[in-house]
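Here are some notes for a colleague who is reading this structure alongside its sequence. The points below are grouped by residue and by element, and each can be checked against the coordinates.

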Amino acid sequence: MKAIRRFTVRPVLPEALQPLSDLSRNLRWSWHAETRDLFQSVDPERWAATGCDPVRLLGSVAPARLAELAEDPDFRRRLAAAVDDLHEYVHGDRWYQTRSGELPEAVAYFSPEFGITAALPQYSGGLGILAGDHLKAASDLGVPLIGVGLLYRHGYFRQSLSRDGWQQEHYPVLDPNELPLELLSEPDGTPSQVSLALPGGRSLRARVWQARVGRVPLLLLDSDVEENDPGERGVTDRLYGGGSEHRLLQEMLLGIGGVRAVRTYCRLTGHAQPEVFHTNEGHAGFLGLERIAELADEGLDFDSALEAVRAGTVFTTHTPVPAGIDRFDRELVARHFGPDAELPRIEVERILRLGMETYAGGEPNLFNMAVMGLRLGQRANGVSLLHGRVSREMFSGLWPGFDADEVPITSVTNGVHAPTWVAPEVLRLGARQLGGRRTEEALTVGGSDRWDAVADIPDQDIWELRRALREQLVTEVRKRLYASWRQRGAGAAELGWIDGVLDPDVLTIGFARRVPSYKRLTLMLRDRDRLMDLLLHEERPVQIVVAGKAHPADDGGKRLVQELVRFADDPRVRHRIVFLPDYGMAMAQKLYPGCDVWLNNPLRPLEACGTSGMKAALNGCLNLSVLDGWWDEWFQPDFGWAIPTADGTATDDDRRDELEAAALYDLLERRITPRFYERGQDGLPDRWIQMVRRTLTHLGPKVLAGRMVREYVERLYAPAARAHRALDAAAARELAAWKTRVRAAWPGVSVDHVETSSLTPTAELGSTLLLRVRVNLGDLAPDDVEVQAVSGRVDADDGITDATTVPLKPAGGPDTEGGWVYEGPLSLNRTGPFGYTVRILPDHRLLASHAELGLLAEPSEELVEAAGVLMR
């Protein structure tokens, strides 16, 4: 029988245990070992059965056990200590509070998904896990962040396998009352709501749930409210589900509704209003429109409001391929804005121009969320050094005339939240070596000096720890594999072989991630005979644990999963290679520590960052990866291996896979397995242990989310806060009017003549030439522009590489024809082919970069020919 109504019955805790409820509602327990240990001691069996979820635990533990604990002085002492520790953590000064300078009062961080804990399943993959780690690290550092997302009633799908290995999706219903959430409520106790206007006089309403992530509030908007029509109730049903209009409504609710939720939260709690808004990928880009509308209500015109909003906005792009960006038909967007829908105060055409692909190579009828994010954000970044370069090239059409390396997109390499991903056994070893407080600081704030002590840990301790973690993984894999086969319809009597799956003394390779085609789940199957030889080698076998989900609409990805599963089902190798369905945070936290090698073989450069290898590294696991994302930036042979990339233009996709798979097999056969099984005089794999040690000491401080968030604060949030404060209403109007004037006058700006003090084609190193340039500024003045000399080595096509720019100065007033002469020195500081050019750029004290307007004037082709631009 099926219930006709569902509701949640909350437990009544004895008064002495009331603080347990507060502890369970702050998600710090998900990364704080002592608090987790406290909850486990309430009822170890139920703790395991509830998936280590304190809210579910307290809702199911027997009243007699609660009464017993209420009388237990030892438990009450531990409870009081945990409560005091959380209070100090939430209210005490941390790294951010010790910084000087103009830091933002608050930062709002918007993301479509957040991976905080398996107990709050609101994530699908790397973007959400990164967002969750960002919030946790901000909390650890004391950064005054407010997270904003959506509450999906079905979360992301749960994955199982059919008997023949085909992925199947399940969407369990999540009851917010059973999650570690609380409703944001008005003073009279009614739930707070935000509302969006829809075409046809309809409305989209949403409640606001709050999760406490340590010090950081996370606001999650939920459209499943009675006031909505059925269609609107389903807007927040599934993460990345539905068609174009469904996705558009989700993103309008996230961006526009999210800003309204932040305003409501600050009004109700007294929290400082954000000075900086951080858009984590383009899904939340509409937040800028809502902020423009707010300023319009205060009397600012659109252009001035746009400048004020841009100043305080940071945009992070996470995808290196255009196909990964949400794009909507122009008419669909137009229908949802304007007088009969949302933001009626803003002209629809002004909204559309922010997102339309009106540049060479773009599709002019598509509204691009990343393009809008870049046009609405004065500061933008990719998520690794390589991804920053790829992003500058991918979006260079927005800044025509500029070289890709001048496109104003920087990079902050992702990091991972060590307390979440490091195994308790590793933490205990670190605490034994460094002390508990220093270990916590090393894992949250960072600092290489705190990691050097790893060098003093005895080899025997490291190797015993690695084997213990491998043994735990073997136990976990067998349990999950058994459950999977039972779901696939197998009888218990035919599953005895699972007791022999994996071996705690065999080299263990992990591969777990989402399954789009570019991540190449099945590259390892390219030469199956060679893979079998590796798996079944008599002296140096390997074993592989694989996990991953394909998007429900991606049949190609599902076929890759099925291909891998069918290979792993082969009785000849099934004790050496396994596929575990339903990859998520709970599985990942067991998988990373237990592997010896973490495999990553995407098509370079399509992996923006790829943080799973970072999590593995923090547990002493070595990386084996294509040089992509973060590995391209930090790889050293001291602590891992690089799979060579076969990316020549003459190599087709099939040939590339063949070459890179062969290189992968070679590395495993010739370098990795021999090193793992090689033993020194003391019977330990000395050289392997040395690589583990170097992984921890050299990579450890770099891969931390604490390092990442500190970079965001210092390089993006603080400058954005300063720009936000500088752009009051008067300054915003001034900047907007100046930009309008410059754009209108720019066709009249030109470089008319260039000459140097030397006419010879060669010059000596260290000499200096005098450069004189005559320019026409049209209706502009010298204060409106900067005239630059750009010099450096030149390639065979006369392109300047590794360029140096030097501003030139006016040599006097305008001549009789209205031209201006600029002068400056040109230092010949490099040998070999050397060249220069000159250019004119807009210049204003409130610009974040000279490329901001996408305008520049350069010498004409004829002028270049006459100027002797090349000197050899």
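Over the face of which residue does Arg488 lie, and at what distance from the ring centre? The points below begin with that one.

1. The model is predicted, and the contacts described here should be read with that in view. Arg488 lies over the face of Trp485, at 4.1 Å from the ring centre. A second arginine placed over a ring is Arg238, which lies over the face of Tyr171 at 3.5 Å from the ring centre.

2. On the aromatic side chains, the structure holds 20 aromatic pairs. One of them is formed by Tyr156 and Phe157, a tilted pair with 4.8 Å centre to centre and 45 degrees between the planes. Tyr156 and Phe157 are both buried. Elsewhere, one aromatic cluster is made up of Trp463, Trp641, Phe676, Tyr677 and Trp688.

3. Lys615 deserves a separate point, since a record concerns it: the UniProt annotation "modified residue: N6-(pyridoxal phosphate)lysine", from an unreviewed entry, covers Lys615. In the model this lysine is placed in helix H23, residues 612-617. Lys615 has 4% relative accessibility and therefore counts as buried, the limit being under 20%. Leaving aside residues up to four places away in sequence, Lys615 touches Ile129, Asp133, Val416, Trp421 and Tyr592.

4. Turning to charged pairs, the count of salt bridges comes to 68. In one of them the side chains of Glu290 and Arg260 meet at 2.9 Å, N to O. This pair links distant parts of the chain, with Glu290 in helix H10 (residues 287-297) and Arg260 in helix H9 (residues 244-269), 30 residues apart. Both Glu290 and Arg260 are buried.

5. Another salt bridge brings together the side chains of Arg470 and Asp596, at 3.0 Å from N to O. Here too distant parts of the chain are linked: Arg470 belongs to helix H19 (residues 459-487), whereas Asp596 is in the loop between helix H22 (585-594) and strand S18 (597-600), 126 residues apart. Arg470 is buried, with a relative accessible area of 2%, and Asp596 is likewise buried, with a relative accessible area of 0%.

6. An open sheet is formed by 4 strands in the order S21-S22-S26-S25, with antiparallel pairing. Strand S21 (750-756) and strand S25 (809-810) stand at the edges and have a single partner strand each, so one side of each is left without a neighbour in the sheet. S21 is joined to strand S22 (residues 768-776) by 6 bridges, and the two run antiparallel. Across this pairing, Glu755 stands opposite Arg772 in S22.

7. The same region also holds a salt bridge, in which the closest N and O atoms of Glu817 and Arg774 are 3.5 Å apart. Glu817 is in the loop between S25 and strand S26 (820-827), and Arg774 is in strand S22, so that the pair links distant parts of the chain, 43 residues apart. What is the burial state of each partner, buried or exposed? Glu817 counts as exposed at 66% relative accessibility, whereas Arg774 is buried, with a relative accessible area of 18%. Apart from this pair, salt bridges that share partners join Arg153, Arg207, Asp222, Asp224 and Arg233 into one network.

Methods:
Residues are numbered from 1 along each chain as its sequence is written. This is a predicted model: local features need pLDDT of at least 70, side-chain atom pairs count only at pLDDT 80 or more; totals for chains, interfaces and linings use all residues. Side-chain values use heavy atoms; hydrogens and water are left out. Two strands pair if DSSP finds at least two bridges between them. UniProt positions are given in the numbering used here, feature names are shortened, and annotations may be inferred rather than shown by experiment. Buried means under 20% relative accessible area, exposed over 50%, partly exposed in between (1.4 Å probe, protein chains only). Contact means heavy atoms within 4.5 Å. Rings of Phe, Tyr and Trp (its six-membered ring) pair if their centres lie within 6.5 Å; planes under 30 degrees apart count as stacked, over 60 as edge-to-face and the rest as tilted. A charge sits over a ring if NZ of Lys or CZ of Arg is within 6 Å of the ring centre and within 35 degrees of the ring normal. A salt bridge is a side-chain nitrogen of Lys or Arg within 4 Å of a carboxyl oxygen of Asp or Glu.
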